[in-house]
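Open the model in your viewer and keep the sequence panel beside it. The stops below can be selected one after another.

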Amino acid sequence: MGVRVAVARRFGAGGARVLRSRWRTAAMAAGWAFPADWPVREVDEVCSAVLDAADPSGALYRLGGARAEAGAGLAETLLDLAALHAVLTGPSGTDGMVSPDVDAVPARMLRAAALGWGEVVSSQAAECAADNPLTGLATSAYLRTRLREVYAEERATGRREHALVLAALDLSRVSGWSRVVAMTLLADALREVFDAGQTLASIGPATACVLLRRDHTLPRVLANLRLLAADRLAVDPHVAPTGPVRVRVEELPGTWDEATALITGLGR
């Protein structure tokens with residue numbers, strides 16, 4: 001309770017708002033490269049944890065991950081953390097004008113933020129290839145890049161023309177190498193049907209996705225995909241049980257962030 005009272009007194013009635021403002025000021029003064037990227041939801045979670053005298057490790061872990069996703073390096077992420085620590089421990093009334101020192105940050109805080117940052121970077125590195133070597137489909141990382149380009153194009157033109165086509169198999173009916181064969185056959189069908197520059201990607205162990213520009217031929221194209229995929233799967237009795245392929249159109253949500261979250265959810 002004593003810690004909570006001391007922190008509350010330091011930042012007054014404004015609480016999280018004052019802490020957040022002073023932290024941001026300190027981070028900018030310390031050299032945070034892109035001010036627009038600094039305010040994320042995880043910053044508010046850290047502020048709440050600190051003001052509630054709770055263990056901030058979980059919030060710091062998530063903040064480290066958010067910084068990595070935004071492209072911040074580890075050194076910049078830890079300097080931002082040092083800015084927070086300096087604001088929390090420096091003389092009150094400084095309005096964030098403090099001198100962040102990474103070496104002064106407690107090891108537990110450093111470890112939590114670094115682990116969160118490292119987890120995201122490791123995941124990104126695992127997906128850095130542009131395509132899957134077995135199916136030949138693009139990775140979900142490449143799909144996210146293409147989606148960013150599509151959203152930028154649609155903002156510029158003011159037209160919403162793109163959608164996602166999802167094609168999924170039931171891999172619970174087979175095991176082992178048959179799973180890979182089934183997805184490879186589906187990928188082959190997708191490439192034959194969508195051969196005009198559409199983005200074909202694998203977003204999960206049993207789900208493929210096509211990013212395309214909609215037109216009046218789409219219903220016929222989807223019917224062709226169902227028929228061709230059925231023919232491909234029927235060739236091998238070990239993979240036939242994974243069909244029929246489930247095909248549907250998914251509208252793109254309003255923002256790129258929502259689209260990437262959608263892709264992640266659909267791939268599970």
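Select Cys 47 first: its relative accessibility is 0%, so it counts as buried (under 20% relative accessible area, with over 50% exposed and partly exposed in between; 1.4 Å probe, protein chains only). Cys 209 is also buried, with a relative accessible area of 0%. The number of disulfides comes to 0, a disulfide being a pair of cysteine sulfur atoms within 2.5 Å.

This is a predicted model, in which local features need pLDDT of at least 70, side-chain atom pairs count only at pLDDT 80 or more, and totals for chains, interfaces and linings use all residues. Residues are numbered from 1 along each chain as its sequence is written, and side-chain values use heavy atoms, without hydrogens and water.

Next, select strand β1, residues 162-168. Strands (E, at least two residues) and helices (H or I, at least four) are DSSP runs, numbered from the N terminus. Of the 7 residues in β1, 7 are buried, so the strand is largely enclosed by the rest of the structure. One side carries His 162, Leu 164, Leu 166 and Ala 168, and the other Ala 163, Val 165 and Ala 167.

Add β3, residues 207-213, which pairs with β1 in the antiparallel sense over 7 bridges; pairing requires at least two DSSP bridges. Leu 164 stands opposite Leu 211 in β3. Then add β4, residues 246-251, joined antiparallel to β1 by 6 bridges. Here Val 165 stands opposite Val 249.

Last, go to helix α2 and select its buried residues: Val 18, Leu 19, Arg 22, Trp 23, Ala 26 and Ala 27. Just after α2, Gly 31 has a positive phi of about 110 degrees.
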